[in-house]
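Me: Hi! I have a protein model open and would like to talk it through with you.

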Amino acid sequence: GSAFSGPDGVFTGALGMFTDITQRKRTEIALRESEHRFRTMADGLPLMIWVHDVQGQLQFVNQTYCEFFGVTPQQDAGPNWQPLMHPDDGAAYIEEFNACVRDRRPYRAEVRVRRCDGEWRWIESWGRPRVSESGEFLGIVGTSADVTDRREVENALALAKTSAEEAREVAETASRAKDHFLAVLSHELRTPLNPALMAATILENDPTLPPALKDDVSVIRRNVELEARLIDDILDLTRIARGKIVLSLRAVDAREVLGHALETCQADAIDKRINIEMKLPAEELRVDADPARLQQIFWNLLKNAVKFTPEGGRIVVQAGLTPDGRVRVSIADTGRGIAPELLGCIFDAFEQGDPMTTRDFGGLGLGLAICKGLVAMHQGVILATSDGLGRGATFTVELPSAYGPCAATKLPDRKAQPVQDKTSSRILLVEDHLSTAKVTARLLQSFGYDVTVAHSVKQAMDVFEDHSFDVIISDLGLPDGTGVDLIGKMLALRPVKAIAVSGYGMDTDIRQSAQAGFVEHLVKPINVEQLVNAICRILGREPQNVAN
């Protein structure tokens with residue numbers, strides 16, 4: 001409006017102009033109400049909400065943001081956020097932020113920030129560019145959430161996973177070290193026994209040896225074989241406990257396996273004048289079993305019965321079917337018996353009842369523990385019963401029945417005399433242990449084989465390149481390589497039939513020999529019958545047998 005006055009200066013009136021600002025006022029009110037609603041809504045959210053301008057300065061923060069950082073909205077909308085970043089996280093976050101400004105794209109980042117109380121917390125932030133309708137960049141709007149608890153759980157899980165992986169790696173390393181130790185122990189214990197066993201066998205079968213000396217040699221041979229058996233028991237028990245034994249299951253007749261096991265104990269029973277009575281049914285008793293391991297079970301039980309039965313005693317072996325169709329084998333003796341309080345632990349390793357038993361009978365107390373482990377692997381059960389000390393004991397094995405025809409398991413008659421191989425098959429024996437090479441060659445020559453000896457990979461290859469051989473028998477540990485190396489070189493020239501001989505007898509050793517090309521793998525100390533029969537199998541001839 002404007003005021004008007006006359007010539008004399010006297011006020012005469014006013015000229016006014018009015019503008020309707022109602023709409024503007026309504027708009028301002030609406031904006032204030034909208035802002036109020038936005039702030040009310042933003043303050044009620046559990047997320048931190050913030051708005052940056054184009055320079056990266058905070059223009060707005062909600063109540064959750066203020067409470068987290070310990071500020072008020074009047075403090076220039078919150079603190080300068082960049083100094084609050086953890087030094088290890090700030091550079092990456094700022095790079096993401098600048099990329100959002102430069103490329104107009106959303107971003108996400110997790111960083112550590114320090115609150116006003118000095119505590120470092122993890123926050124996860126999401127930011128989006130603010131762009132006007134005309135495309136002008138206005139800044140960034142975003143949210144942040146405290147994810148410290150989640151990160152701590154994730155870190156704990158990651159640490160636990162790392163610890164578990166480290167523990168597993170330590171366990172696997174320990175397992176490999178134990179396998180290696182057992183393999184080396186087996187090799188070192190077996191190797192010195194090999195020449196002793198072979199030399200005793202040669203002397204025992206020498207017709208010119210006086211009977212008295214032959215008896216002494218037989219004692220030597222039996223004790224060497226016993227020592228080898230103890231080594232096998234220790235290693236078998238360890239392999240069973242660690243699940244390292246793999247069974248080769250097939251349908252077999254338990255009666256035949258019992259017969260084979262009895263053959264190995266017959267001589268000791270005869271020496272003690274023990275009567276062994278076999279009560280077996282006429283029909284087959286089919287079980288799904290590894291025949292070698294099943295024979296080991298029966299052999300251990302029979303050996304145990306013979307061991308604890310006095311001279312002139314009696315052992316009864318019975319077999320048949322249970323009412324529910326399982327195969328049951330029982331071995332009862334009239335021996336020492338078992339005290340009632342010891343029945344519960346008789347199958348524990350190194351358990352022989354009491355010190356008197358160990359003193360009187362010797363042994364390590366491993367046989368029954370091995371039986372229990374092997375029976376369990378066959379899905380069977382083994383029980384021991386006794387009426388007390390001095391009243392004998394009965395061991396009973398029950399195994400699931402099998403269906404289908406049984407595989408042949410008959411072994412050659414151990415009473416047969418050695419048979420000379422008149423064909424003079426040529427054998428290349430590769431052995432660096434001079435004593436072992438000497439006695440092995442003599443033994444093979446006694447069976448009619450033409451034997452050439454080499455003590456290294458080089459010597460063996462020199463001979464092999466100039467001569468042909470029917471069978472290669474090679475130790476795996478040689479001074480200038482391994483038996484595996486040797487067979488590889490030989491196979492590169494022409495086919496060979498080879499037998500590996502080693503003090504290493506773990507399952508992995510046997511598999512490696514087979515993969516290298518060996519047809520047979522014999523473990524020291526070598527049983528003469530096993531060696532000769534392995535040669536016969538390779539040559540496709542009837543087995544030869546050694547009378548011990």
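Me: Which residues of H7 are buried?

Reply: Ala254, Val257, Leu258, His260, Ala261, Leu262, Cys265 and Ala269 are the buried ones, meaning under 20% relative accessible area (exposed is over 50%, partly exposed in between; 1.4 Å probe, protein chains only). This is a predicted model, where local features need pLDDT of at least 70, side-chain atom pairs count only at pLDDT 80 or more, and totals for chains, interfaces and linings use all residues. Residues are numbered from 1 along each chain as its sequence is written, and side-chain values use heavy atoms, with hydrogens and water left out.

Me: And what covers the buried residues of H7?

Reply: The cover includes helix H8 (291-308) and the strands E8 (250-253), E9 (275-279), E10 (286-289), E11 (314-321) and E12 (327-333). Helices (H or I, at least four residues) and strands (E, at least two) are DSSP runs, numbered from the N terminus.

Me: Where is the kink in H7 centred?

Reply: On Cys265, with a kink of about 50°. The bend at a residue is the angle between axes fitted to the seven residues ending there and the seven starting there. Cys265 is also one of the buried residues of H7.

Me: What comes after H7?

Reply: Arg273 follows, and its phi is positive, near 55°.

Me: New topic: is Leu249 buried or partly exposed?

Reply: Leu249 is partly exposed, because its relative accessible area is 47%. Leu249 sits in the loop between helix H6 (211-241) and E8.

Me: Which residues is Leu249 in contact with, leaving aside its neighbours within four places in sequence?

Reply: Asp288, Ala289, Asp290 and His378, where contact means heavy atoms within 4.5 Å.
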